[in-house]
Amino acid sequence: LATQAMTDFSWLTKDRKVQQTTFADSTRLVANFDARERKVQGRRLAAHSITAFSPEGDAVSYQVESPH
């Protein structure tokens, strides 16, 4: 994504804890900054996670682990 222009940004929830960034190649990153799982656009998003959606429709999620 380093070579792709960012083409769109939006908040997906009213509390602004879930956001989406879209890039020129249609890759989308959806970040959940909430401490709890959220469901947005029919998809469950783990707490403190980011999900990358490729132009082909594949999805890869990354989650920050909280110290216990």
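Five salt bridges are counted in this predicted model. One of them joins the side chains of Asp15 and Arg38, with N and O 3.0 Å apart. This pair links distant parts of the chain, since Asp15 belongs to the loop between E1 and strand E2 (18-23), whereas Arg38 lies in strand E4 (residues 38-40), 23 residues apart from Asp15. The two partners fall into separate classes of accessibility. Asp15 has a relative accessible area of 39% and is therefore partly exposed, while Arg38, at 12%, counts as buried because the limit for that class is under 20%.

Arg38 also forms a salt bridge with Asp34, where the closest N and O atoms are 2.8 Å apart. Asp34 has a relative accessibility of 7% and so counts as buried. Asp34 and Arg38 both belong to a network of salt bridges, which further includes Asp15, Lys17 and Arg36. In general, side chains of opposite charge can pair when their charged atoms come close.

Another of the salt bridges is formed by Glu37 and Arg44, the closest N and O atoms being 3.3 Å apart. Glu37 is partly exposed, at a relative accessible area of 43%. Arg44 reaches 60% and is classed as exposed, because that class begins over 50%.

A charged side chain is also found over an aromatic ring. Arg28 lies over the face of Phe53, at 4.4 Å from the ring centre.

With regard to aromatic contacts, the structure holds one aromatic pair. The pair consists of Phe9 and Trp11, whose ring centres are 5.0 Å apart; the ring planes stand at 85 degrees, so the arrangement is edge-to-face. Phe9 is partly exposed, with a relative accessible area of 36%, and Trp11 is likewise partly exposed, at 39%. Phe9 is located in strand E1 (residues 6-11). Together with Met6, the residues Phe9 and Trp11 make a nonpolar surface patch of about 320 Å². Membership of such a patch requires over 30% relative accessible area, and Phe9 qualifies on this count because its value is 36%. The value of 39% for Trp11 is over that limit as well.

Strand E1 also takes part in strand pairing. E1 and E2 pair in the antiparallel sense over five bridges. Within this pairing, Asp8 has Thr22 in E2 as its bridge partner. The two strands form a hairpin with six residues between them, and Arg16 in the turn has a positive phi of about 65 degrees. Asp15, which bridges to Arg38, is placed in the loop between E1 and E2.

A further antiparallel pairing involves strand E6 (residues 49-53) and strand E7 (residues 59-63), which are joined by five bridges. Thr51 has Ser61 in E7 as its bridge partner. E6 and E7 form a hairpin with five residues between them. In the turn of this hairpin, Gly57 has a positive phi of about 100 degrees. In a regular strand the side chains alternate between the two faces of the sheet.

Terms used: Residues are numbered from 1 along each chain as its sequence is written. This is a predicted model: local features need pLDDT of at least 70, side-chain atom pairs count only at pLDDT 80 or more; totals for chains, interfaces and linings use all residues. Side-chain values use heavy atoms; hydrogens and water are left out. Patches are made of residues with over 30% relative accessible area and no salt bridge: like charges are joined within 9 Å, nonpolar side chains (Val, Leu, Ile, Met, Phe, Trp, Tyr) within 5 Å. Accessible areas come from the Shrake-Rupley method with a 1.4 Å probe; for residues, only the protein chains shown count as cover. A salt bridge is a side-chain nitrogen of Lys or Arg within 4 Å of a carboxyl oxygen of Asp or Glu. Helices (H or I, at least four residues) and strands (E, at least two) are DSSP runs, numbered from the N terminus. Buried means under 20% relative accessible area, exposed over 50%, partly exposed in between (1.4 Å probe, protein chains only). Rings of Phe, Tyr and Trp (its six-membered ring) pair if their centres lie within 6.5 Å; planes under 30 degrees apart count as stacked, over 60 as edge-to-face and the rest as tilted. A charge sits over a ring if NZ of Lys or CZ of Arg is within 6 Å of the ring centre and within 35 degrees of the ring normal. Two strands pair if DSSP finds at least two bridges between them.
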